[in-house]
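Reader: I would like to go through this structure by question and answer. Please keep it brisk.

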Amino acid sequence: MVDLNLNYIVDEVIKRLYGENEDEGILVEASGRHVHLSEEHVELLFGKGYKLVKSRDLSQFGQYLCEEKVNLIGPKGVLENVSVLGPARKDSQAELSKTDAISIGINAPVKISGNIENSEKIIIATSMAAVTLQRGLIVAKRHIHITPEDAIKYGVKDNEEVSIDICGERGVIFKNVTVRVSDKFSTAVHLDYDEANACGFYKGIRATIIR
Ligand SMILES: [Zn+2]
């Protein structure tokens, strides 16, 4: 069966409206606030034996948005209805924009997703339970997921830092964008909402790698 979801259809319509094609740069995607949970924390927050329920697939292979939501509690506030991304990971972590983190009283460090060393404390809660992560809150460092073929095409290597140019009304050049190469990826720039808002993000906007 062909897996068509609404986002895919919207993306295709936008591509046709704007007449975009793959030669006009790398697709930019904006990641909202979210958490990744360990299996242990899934059970603590939702009940023994609980398994996350997939809501829809995300652009990166095997990653999906879940139906479950959590609240994130900091010293100065609560962010409600935060998305949970699956599948479960080894360590739980929360990824917020700087604006989100400051709004609940936390100065979270900028780190590549998955690197929670020296990250901040955060409480993750549901109506049933709460879990305190002594470390695990980060502001996700902007990055490009890129296939090995596209890495050759754009002349970049895994872990390299590049700048990207996003054109348009609020055009911005972002420095320090980490390149991540894997044959499991589909090529896309990932920004958080602070960055997306700063550059006038819309669905289908593209970025060019510059040096
Ligand atoms: Zn990403």
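Reader: How are the donor residues of the zinc ion spaced in sequence?

Author: This is a predicted model, where local features need pLDDT of at least 70, side-chain atom pairs count only at pLDDT 80 or more, and totals for chains, interfaces and linings use all residues. Residues are numbered from 1 along each chain as its sequence is written, and side-chain values use heavy atoms, with hydrogens and water left out. Donors are N, O and S atoms within 2.8 Å of the metal (3.2 Å for Na, K and Ca); water is not among the atoms, so sites may look incomplete. The spacing of the zinc donor residues is H-x1-H-x44-H.

Reader: Which parts does the pair His-143 and His-190 tie together?

Author: Strands are DSSP runs of E, at least two residues long, and helices are runs of H or I with at least four; both are numbered from the N terminus. The two histidines sit in parts that are 47 residues apart in sequence. His-143 belongs to strand S10 (residues 143-146) and His-190 to strand S13 (residues 188-192), so the pair ties together S10 and S13.

Reader: Which atoms are the protein donors of the zinc ion, and how far from it do they lie?

Author: Three histidines serve as protein donors. The atoms are NE2 of His-143, NE2 of His-145 and ND1 of His-190. Their distance from the zinc ion is 2.0 to 2.1 Å.

Reader: Is His-190 buried or exposed?

Author: Buried means under 20% relative accessible area, exposed over 50%, and partly exposed in between (1.4 Å probe, protein chains only). His-143 has 7% and counts as buried. His-190 has 12%, so His-190 is buried.

Reader: Which residues touch the most other members of the largest nonpolar core?

Author: A nonpolar core is a set of buried Ala, Val, Leu, Ile, Met, Phe, Trp, Tyr and Cys residues joined through side-chain atoms within 4.5 Å. The largest one has 25 residues. Helix H2 (39-46), strand S4 (64-74), S5, S8 and strand S9 (130-140) each supply at least two of them. The residues with the most contacts to other members are Val-35, Leu-37, Val-70, Leu-72, Ile-122 and Ile-124.

Reader: How many residues are in the other core?

Author: That core lies apart from the largest one. Among its members are Ile-146, Val-177, Leu-191 and Ile-209. Its count is 18 residues.

Reader: How many disulfides are found in the whole structure?

Author: A disulfide is a pair of cysteine sulfur atoms within 2.5 Å. For Cys-167, the closest cysteine sulfur is in Cys-199, 11 Å away, so the gap is too far for a bond. The search of the whole structure gives 0.

Reader: Where is the cis peptide bond?

Author: Pro-87 lies in the loop between strand S5 (77-86) and strand S6 (93-95). Omega is near 0 degrees for the bond leading into Pro-87. The cis bond runs from Gly-86 to Pro-87.

Reader: What is the phi of Asn-118?

Author: Asn-118 is in the loop between strand S7 (110-111) and strand S8 (120-125). Its relative accessibility is 63%, so Asn-118 counts as exposed. Its phi is positive, in a residue other than glycine. The value is near 55 degrees.

Reader: Which residues does Glu-117 touch, not counting residues up to four places away in sequence?

Author: Glu-117 is also placed in the loop between S7 and S8. Glu-117 is exposed, with a relative accessible area of 51%. Contact means heavy atoms within 4.5 Å. With that sequence exclusion, Glu-117 touches Lys-111 and Arg-135.
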